[in-house]
Amino acid sequence: MWRHPSENFTVSNIRYFSKHKGEVNCCVFSPDCQILLTCCDDGKLYLWEATSAKLLATVSGHTGPVKSCAFSADGQLFVSGSYDCTVRIWRSASTEFVYILSAHTRSVETVSFSPDGQWLVSGGWDNRALIWSVQSSEMAQELLGHTAAVQSSTFSSDSQLVATGSWDWSVRVWTRQDGKEVAILQGHLGNVACLCFSVNGMLASGSWDGTVRVWLPRQHMCLFLLRGFERVWVKSLAFSRDGLVLASTAEGDMVRIWDMETGTCLKCLQGHKDSAYGCVFTPGGQLLTSGSDQLDVGEEDKTDQRK
């Protein structure tokens, strides 16, 4: 009987990252998984060597807490969104900023690049999501419809759809080209904190209600309702490269691996003691997660590799 390699994951290679001067709001890995990017309430971003935990660069520029960050698909750029109402695009190699995008009127809570690298979406406390051209820095679309803050965002693998999750408990799906709303997905009983598309078009959403829902967005259908988080905040989701499994991380909970053919939990890995901030499958099939532990000396960020 065929088994997905993720069923053999074990915990190994724990590293600690401890230079932050405030709460860490987001952690993301570069596409090649060699660099970890973190952003913090101290108004800075940090670039780390993922394998050694060596601090490579500290990036300043925002005038308020940095709430979200992301790498472009080629790893050449990264983007950040801040409480100062701005979005900044930076060069990864030099950490110099390329553009400042300033159309939001309240805190920016989420930023995401499109897989083709041409677009980015930002969302925040002004209840809006904005699509930007990366090349020109011009706003291409304004996505209106949410009745509360936009907390999460993602693009489909072909860069044609944008999904946004909100404090209004809904997920909305839009066309990237003209900003047309194609689906409103409802069912969560809490803020939608994270979103992820699979290569075959499934959309996963994680919520403060302690559940993950897997949708077929064009059919407006919930395919799976994944439970077992004991009403903790689901903070990050990642589909495997083949779309056959989904990884979820949650506050104070295990890392869970879910079968996307049956909706069953394949594996539970002991998670971080405090919060798990992010997870991603590497090109080689490993699963990397990042989060934090409450230690006697204070809070330190942690990544581990599950393989």
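Rings of Phe, Tyr and Trp, the last represented by its six-membered ring, are taken to pair if their centres lie within 6.5 Å. In this predicted model, Phe71, Phe78, Trp90 and Phe97 form one aromatic cluster. A charged group accompanies this cluster, in that the charged end of Arg88 sits over the ring of Phe97, at 5.4 Å from the ring centre.

Across the whole structure, the search for aromatic pairs returns 7 of them. One of these joins Tyr46 and Trp48, whose ring centres are 6.0 Å apart and whose planes meet at 25 degrees, so the pair is classed as stacked, planes under 30 degrees apart being counted in that way. Both partners are buried, Tyr46 with a relative accessible area of 3% and Trp48 with a relative accessible area of 1%.

A further pair is formed by Trp208 and Trp233, with ring centres 4.6 Å apart and planes at 65 degrees, and this pair is therefore edge-to-face. Trp208 is located in the loop between β19 (203-207) and β20 (212-216), whereas Trp233 is located in the loop between β21 (221-226) and β22 (234-239), so that the contact ties together parts that are 25 residues apart in sequence. With respect to solvent accessibility, Trp208 is partly exposed, its relative accessible area being 33%, and Trp233 is likewise partly exposed, with a value of 25%. The ring of Trp233 also has a charged partner, since the charged end of Lys235 sits over this ring, 4.5 Å from its centre.

How values were computed: Residues are numbered from 1 along each chain as its sequence is written. This is a predicted model: local features need pLDDT of at least 70, side-chain atom pairs count only at pLDDT 80 or more; totals for chains, interfaces and linings use all residues. Side-chain values use heavy atoms; hydrogens and water are left out. Rings of Phe, Tyr and Trp (its six-membered ring) pair if their centres lie within 6.5 Å; planes under 30 degrees apart count as stacked, over 60 as edge-to-face and the rest as tilted. Buried means under 20% relative accessible area, exposed over 50%, partly exposed in between (1.4 Å probe, protein chains only). Helices (H or I, at least four residues) and strands (E, at least two) are DSSP runs, numbered from the N terminus. A charge sits over a ring if NZ of Lys or CZ of Arg is within 6 Å of the ring centre and within 35 degrees of the ring normal.
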